[in-house]
Amino acid sequence: LYLKTRNDKFSLKFNVLFQGQFFLQTFDNDRGLDKDKQITIQIRRLRLFFTGNGFFPWMKYFVQVGSDKGGSFEIKDAFLDFAYYPELTPRIGQWKVPFQREELTSDAFLEFGADRSIVNDEFTFERDLGVEIYGSLINNLIEYAGGVFNGAGRNVSPNPNGTNLLYAGRVVFQPFGKYEYSQGDLRDDPTQPLFAIGAAVAGLPNFNPTTATSSRANLAKAVLAIDPNIKNADVFQFTADVGFKYYGFAFEGEYDMRRIFHIQSTAAINNPATAHGLRLQAGYLFLPPHFEVAFRYGIVDPNNHKSGDRKQEFTPALNYYIYKHRLKVGVNYSLLLQQDSNGGNFK
């Protein structure tokens with residue numbers, strides 16, 4: 001739905017995203033927990049989008065509110081773009097930190113239903129409040145984004161980290177044209193190959209895991225796994241990704257690394273902890289443009305100093321695209337392996 005003034009000074013576009021999910025979860029042995037065997041039908045995501053411009057065509061806004069898994073509605077995104085120069089666009093508000101390609105891909109354009117990989121769950125910075133400069137250069141040959149954020153996650157103000165902020169930057173090289181953040185090759189003209197390679201870095205000094213919100217729960221868990229008495233530590237993360245699309249075939253690969261150092265704790269901890277993750281996925285339209293088969297593999301080693309903590313994911317998928325990503329049905333099966341202290345795998 002569009003509302004627009006004739007002089008182009010004001011506009012409003014309204015969109016809805018609905019993702020319904022039937023979910024079955026089982027474990028290879030009974031841990032005595034209620035969630036060990038679970039069958040549920042849920043509204044995985046319900047989102048309302050409001051986008052447009054105000055006062056000038058280049059002063060753009062984006063607002064997203066939503067509810068996940070039946071939870072209460074909250075602000076997901078809310079930001080202003082001053083897009084007078086596409087090569088140099090300032091942004092202020094709340095949105096996703098410019099880091100991983102999988103996280104930056106909208107929920108509506110994922111290839112594997114409504115859930116991202118275990119690698120994304122481990123290394124994501126998700127959303128945060130901040131300021132950013134982004135743009136595209138040389139006819140979309142290079143895209144970049146860099147910003148400064150509170151570091152505490154979405155909807156957290158004032159900053160519980162005091163004067164410590166999250167710094168993040170991302171750059172993408174795309175020699176054959178703009179490579180959208182959309183999984184699978186559902187283009188109208190798939191005869192032209194697309195290729196992109198990207199990298200990003202992020203730094204969060206003096207992170208305090210005891211004040212972490214739900215948006216930083218994964219990072220707090222990683223820090224406290226080193227020692228439960230840690231008060232603060234410096235965090236550095238790096239990611240690199242590659243994507244390729246051609247004739248209905250799509251491939252994405254992503255490597256993630258996290259280093260936790262300068263650890264302050266009641267115990268003397270001299271060695272930094274390093275985590276690694278790798279995601280590989282591919283899909284092919286075998287009956288274009290509607291049927292697609294896809295597979296995703298992920299592996300995470302959350303701490304190089306500990307053994308028996310490695311996690312793996314194997315996920316095949318079958319998708320039926322009625323109207324590309326806008327209207328689709330998908331079936332996933334995920335086998336998740338978690339190493340145990342005995343050297344085996346918990347499935």
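The legends below describe close-up views of a predicted model.

**View 1. The second largest pocket and its lining.**
The second largest pocket holds about 210 Å³ of space. Its lining consists of 15 residues, and those closest to the centre are L186, R187, L285, P288 and P289. By residue type, the lining of this pocket comprises nine nonpolar, two polar and four charged residues. Strand β15, residues 311-323, contributes three residues, the largest share of the lining.

**View 2. Strand β15 and its pairing partners.**
Strand β15 pairs with strand β14, residues 291-301, in the antiparallel sense, and ten bridges link the two. Within this pair, F295 stands opposite P316 of β15. Strand β17, residues 335-339, also runs antiparallel to β15 and is joined to β15 by four bridges. Here E313 has L336 of β17 as its bridge partner. In a regular strand, side chains alternate between the two faces of the sheet.

**View 3. The hairpin of β15 and β16.**
Six bridges hold the antiparallel pairing of β15 with strand β16, residues 327-332. One bridge partnership in this pairing is that of Y321 with K328 in β16. Three residues lie between the two strands of the hairpin, and K324 takes a positive phi near 50 degrees.

**View 4. The largest nonpolar core.**
The largest nonpolar core has 21 residues, of which L166, F207 and I260 touch the most other members. At least two residues of this core come from each of β9 (166-173), β10 (194-207), α3 (217-226), β11 (230-246) and β12 (249-265). A second, separate core contains five residues, among them I118, V119, F123 and V300. In soluble globular proteins, nonpolar side chains tend to be buried together.

**View 5. The surroundings of F207.**
Which residues are in contact with F207, leaving aside its neighbours within four places in sequence? They are A212, R216, L219, A220, V223, K231, N232, A233 and V235. F207 is also one of the three residues that touch the most other members of the largest nonpolar core.

**View 6. The loop residue E126.**
E126 is located in the loop between α2 (118-123) and β7 (127-137). Is E126 buried or exposed? Its relative accessibility is 15%, and a residue under 20% counts as buried, so E126 is classed as buried. With neighbours within four places in sequence left aside, E126 is in contact with W95, K96, V97, E103, R154, S215 and R216. R216 is thus a contact of E126 and also a contact of F207, the residue shown in View 5.

Technical notes
Residues numbered from 1 in each chain as written. Predicted model: local features only at pLDDT ≥ 70, side-chain atom pairs only at ≥ 80, totals over all residues. Heavy atoms only, no water. 1 Å grid on protein atoms, 1.4 Å probe; cavity = no way out; pocket = protein on both sides within 12 Å on 5 of 7 lines; lining within 4 Å. Points joined across faces, edges and corners; volume = space filled by probe spheres on them. Nonpolar A, V, L, I, M, F, W, Y, C, P; charged D, E, K, R; others polar. Pairing = 2+ DSSP bridges. Core = buried A, V, L, I, M, F, W, Y, C linked by side-chain atoms within 4.5 Å. Buried < 20%, exposed > 50% of the residue type's maximum accessible area, 1.4 Å probe, protein only. Contact = heavy atoms within 4.5 Å.
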